[in-house]
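The report below is meant to be read beside the sequence and the coordinates. It moves from the chains as wholes to their contact, and then to selected local features.

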Amino acid sequence: MPERAKQSYLGKVALIAWREFRHTALTPSFIIGAIAVPLLMIGVVVGAPLLLSQESPPLIGSIAVVDPSGTIVPRAKAILEKPVSIAERVEEIRKDPPKSTAEQMSAVSAMSSVGQQKIEVTWRAETDPARVDAIKSDLQSGTLLAGASIGADVLDPTKPSTPFDLYIPSALSPKHVTQISQAIQKAIEEERVARSGIDAALLDRLSGAAEPKTMRVSPEGAVAPEITELRFIVPVAFMFLLWITVFTSANYLLTTTIEEKSNKVMEVLLAAASPMQLLVGKILGYAAISAVMLVMYGGTGLAGLSVLAMLDLVPLMHIAYLVIFFVMGYLMVAAMMSAVGSAVSDLREAQSLVGPVMMVLFVPVALWFPIVENPNGTLATVASFIPPATPFVMIMRLTATTEPIPMWQAVVGIAWGFFCAIAMMWLAARIFRVGVLMQGKPPSPKELIRWAFVR
Amino acid sequence: MLLEHAKKSFGSVQAVKGISLEIAERSLCGFLGPNGAGKSTTIRMIMSIIAPDSGSVSVMGSSALEMKDRIGYLPEERGLYRKMKVGEFVAYMARLKGVHGAGLARKIDDWLERLELPGVAKRRCEELSKGQQQKIQLLASIIHEPDLLILDEPFSGLDPVNGRLVLELIRAEQARGATIIFSTHQMHTAEALCDKVILINKGEKVLDASLAELRARYDDRGLVCEPLGGVEEFAARALRAGIAAHARTHDNGTVDLDLAPGRQATDAMRAVIELAPMRSVGLRRMNLDDLFVELVGGPASTGTEGTQKKGAKIDA
C-alpha cells in the first residue's frame, strides 16, 4: 500500500527538479540535439571549405590589356594558368594575412579550390592607349571578362609603384576580379624586377624575414610548438561554453514556465507546492541540464586539447573559474528568464521584456576581441562589473594569458557577481509569486518592479 | 476551515469584500454565485495561493501552506502537462502530496478503473478527451486522500454520465471523512449534494445556511399540480373551490397554486385530487434556482438541468 506522510520542503523541491530534468534532458530530442550540436559544429568546420570549393566558378572568357610594352600579357597569362600548390597559397596568406572576415572566407575558399578551378582565358594585347574606349564598349556588350590599361610609368623600375586601371563588367564575381588583378599585379612586379636587372630568385631569397619557431615549455617541462591563436581561442571558448550552456537551459526554463502558465497547470502545482519551492525546483532542474551540457562540451574540448598535447593551456584554476562563473551566470540568467516566464503568456511577449537585458549580455559576445587582447583595458574592466555580463566578461579576463588581471578585481568581481545573482534571484522569486497567477496583458518593466515589492 | 473578514483587491477592483465563513469538519459545502462573484478568489485565498489583503484564513487550525498535503484542489482552470503520461502525472502529483511506496502505481490503476478510464495510464495527457482530462485532474486532487477537498466547478464540461460519476465520487469522498467545498453554477447539483450553501455575489456573502435551514426559511405555502385535463380549467376550478387564492398555469402542463388563507397543505392536496384526475400533485418547495435569482438579481445557470423544479410528489 502507498504510504502517506507530509512531504518535506526539500523533498518537493527535489521532486520538481527531477521532473524538469527528466522531461527535458532524458528525451530523445534533447539527447539527439546535445550530440548533434557538437557534430554539426565539426561538420561546419570540416565541410564549409568543401562546400565553398564546389561553388568556385570556372574562369572562361577574354581579357584585353592595353600595354605599349607588350610584356605584361604573356607574363599574366602564364601566372593565371600556372597551377598553384597549397604551399604557395599558404605562403601568400602568410605574407599578407586576411584582415576581415570576408578576406578570411576568401582565403579558405582559395585554399580549398587549389587545382580545381577550370581556367580558359584568351588574352588580347593592345598597344594603342586609345583602345581603352573600345575595351569599355566590349565590356558593356559582355564580350570581355575584363580589361586593363598599363601606363608606361607603371613598369618603370626607377619610379615607385603606381596604380594601373582595371575595367570589369558589373556581373564579374569578386573571386574572378581578385584572380585577374593578382595575375596582372604579379606580371607587373616581375617585369619591373626584370627591367631593374636584379636577379628575381635572389630577391625572393633575400626578401623573406626570418620567422621565429616558437616553442612552449609547460610548467612540467614538456615542449610543444606554440600556436599563438590558441591564446585567444581559450578564453573565448570558455566564454562561449558558458554562454551556450547557460542560455540553452535558461531558455528551456523560460519556455516551460510559459507553457505551464498557458496550459493552466501552474495552479495545480501551486496547490501542491509553494511558489518558492516551484521556482527553486525548476531552477535546480535546469541547472542540472546546464551542468550536463557544460561537462559534455567542455569535456570534448579538453579531450581535443589533450590529443594535441595542449592541455597545459587550461590550468586547473581555469576550470575552477569556469565552475564559479557558470554558477553565477546561470543564477543571473535563470532568475531573469523565470521572472519573465512567469509574467507573460507567450514567447513574443517574453522577447520584448528580455530584449534590453539581452543587449547587455551580448557585450561579451560582440566585444570578445578587445577584451581578450587587453583584459586590463577600461572596456574589459568596466564590462566585467556590469551584471549580467559579469561572469561572461570575467571568465575571459581571468583566462586570457596576454596579461594577468589584479587579484583584487577577481575577488571583488566574484563577490559582486554573486551579490547581484542573489539579488536577481530574490527579485525573480517575488515577481514569480505574483506573475504565475496573472493572465492577460503582459506587464511593463515598471509593473514587474512593482510586483517585486507588493505584499 | 475559517475565513475572517477576508478582503482581496486586484488593482482598483475589489474582488472579495470582507467575507467571513466557517465550514465544519466532514461537511459538504456548496459555493454558489454568478460569474465574477469572487468564488475562485475566495477559494484561492483558502488555498493560500494568494494572500488576502486583510483578514485571516485558517485551514485545519493552520494555514493552507502548512496543510497543502492534506488538501485536494481542483482549480477552475484545468491544467495538465500535455506531453506527460497520465500515470506519471498522477504519480507526480501524489508524490508532491507525500504519497510514496510501491503500491502507488496499483492505486492509480484502481482509480482509473473506477473512473472508467482503464488502460490510459501509459497514454499522454494530450491524447485524452476534455472530459477524460477533467477526470484525471479530479483524480490528481484526491489520490492522496485529502482531509479537505476543494473543487472549483467540478461538473463544468462533463456529460450527464460523467457528471453522475463525479457526483458519486464526491459523495464517496464525504463518506470517507473528507470535508468538501465545491463551487458550481448548477443549482440542482448543489441541492442534491450540499449540507450547506454559501452564496457569494459581487465579492460579498449574501447567504450562508444549511439546506434544512433554507427549506424552513424559504419553503412557501403552495402546491404544484399536473392535471390530466386542461390546465386553465383546472386552475379556475381550484380557485372556485376555495383551495387556492392564486393560480399560475405553465406551458409544461403544470399549475402553481398559492393556498387560500387557512388551508392546510395536506388537506388541500386531498381536495385537489378530488377536484380532477391528476398525473401528480406535490408540495411546492424552495429551489435554489429561484433563490439564486432572488438574491443575486439575475438569471442563474441556463443549463437545462438547472431549471428543473423539485418537489415531494404524490402520484394521483
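What follows describes a predicted model, beginning with its two chains and ending with its nonpolar cores.

**The two chains**

The table sets the chains side by side.

| Chain | Secondary structure | Buried share | Citation |
|---|---|---|---|
| A | 19 helices and seven strands | 30% of the 455 residues | |
| B | eleven helices and 15 strands | 42% of the 316 residues | |

Within chain A, 78% of the contacts with a separation of 6 or more are between residues 24 or more positions apart. In chain B, 69% of the contacts between residues at least 6 apart in sequence join residues at least 24 apart. Along its principal axes, the C-alpha atoms of chain B occupy a box of roughly 70 × 45 × 30 Å.

**The contact between the chains**

Chain B contributes 30 residues to the contact, and chain A contributes 23 residues. On the side of chain B that touches chain A, at least two residues each are supplied by α3 (86-96), β6 (99-100) and α4 (104-114) of chain B, and the largest share, four residues, belongs to α3(B). Sorted by class, this side of chain B consists of 15 nonpolar, six polar and nine charged residues.

**An open sheet in chain A and its helices**

In chain A, four strands are arranged as an open sheet in the order β3-β2-β4-β5, with mixed pairing. Its edges are formed by β3 (119-126) and β5 (165-167) of chain A, each of which pairs on one side only, and from one strand to the next the twist averages 20°. Strand β2 (residues 59-66) and strand β4 (residues 146-149) of chain A run parallel and are joined by four bridges; V66(A) has S149(A) in β4(A) as its bridge partner.

Two helices of chain A that pack on this sheet can be described in turn. Helix α3 (residues 72-81) of chain A packs on the sheet through β2 and β3 of chain A, and its direction makes about 170° with that of β3(A). Helix α6 (residues 132-141) of chain A also packs on the sheet, where it touches β2, β4 and β5 of chain A, with its direction making about 160° with that of β2(A).

**A covered helix in chain B**

Helix α1 (residues 39-46) of chain B is mostly covered, with eight of its eight residues buried. The buried residues of α1(B) include the charged-class names K39(B) and R44(B), as well as S40(B), T41(B), T42(B), I43(B), M45(B) and I46(B). Just after α1(B), S48(B) adopts a positive phi of about 65°.

**Nonpolar cores**

In soluble globular proteins, nonpolar side chains tend to be buried together. Here the largest nonpolar core has 142 residues, and those with the most contacts inside it are A334(A) and I395(A) together with F89(B), V90(B), I143(B) and I150(B). Helix α12 (residues 316-343) of chain A provides the largest share of this core, 16 residues.

Which residues is V90(B) in contact with, leaving aside its neighbours within four places in sequence? They are I108(B), I136(B), L139(B), A140(B) and I143(B). Apart from the largest core lies another core, of 20 residues, among them I63(A), A76(A), I180(A) and I188(A).

Definitions and conventions. Residues are numbered from 1 along each chain as its sequence is written. Chains are lettered from A and ligands numbered from 1 in the order in which they are written. This is a predicted model: local features need pLDDT of at least 70, side-chain atom pairs count only at pLDDT 80 or more; totals for chains, interfaces and linings use all residues. A residue is buried if 20 or more other C-beta atoms lie within 10 Å of its own, exposed if 12 or fewer, and partly exposed in between; C-beta atoms are placed from the backbone. Two residues are in contact if their C-beta atoms, placed from the backbone, lie within 7 Å. Two strands pair if DSSP finds at least two bridges between them. Axes are lines fitted to C-alpha atoms, for helices over the stretch in contact, and angles run from 0 to 180 degrees between N-to-C directions. A nonpolar core is a set of buried Ala, Val, Leu, Ile, Met, Phe, Trp, Tyr and Cys residues joined through C-beta atoms within 7 Å.
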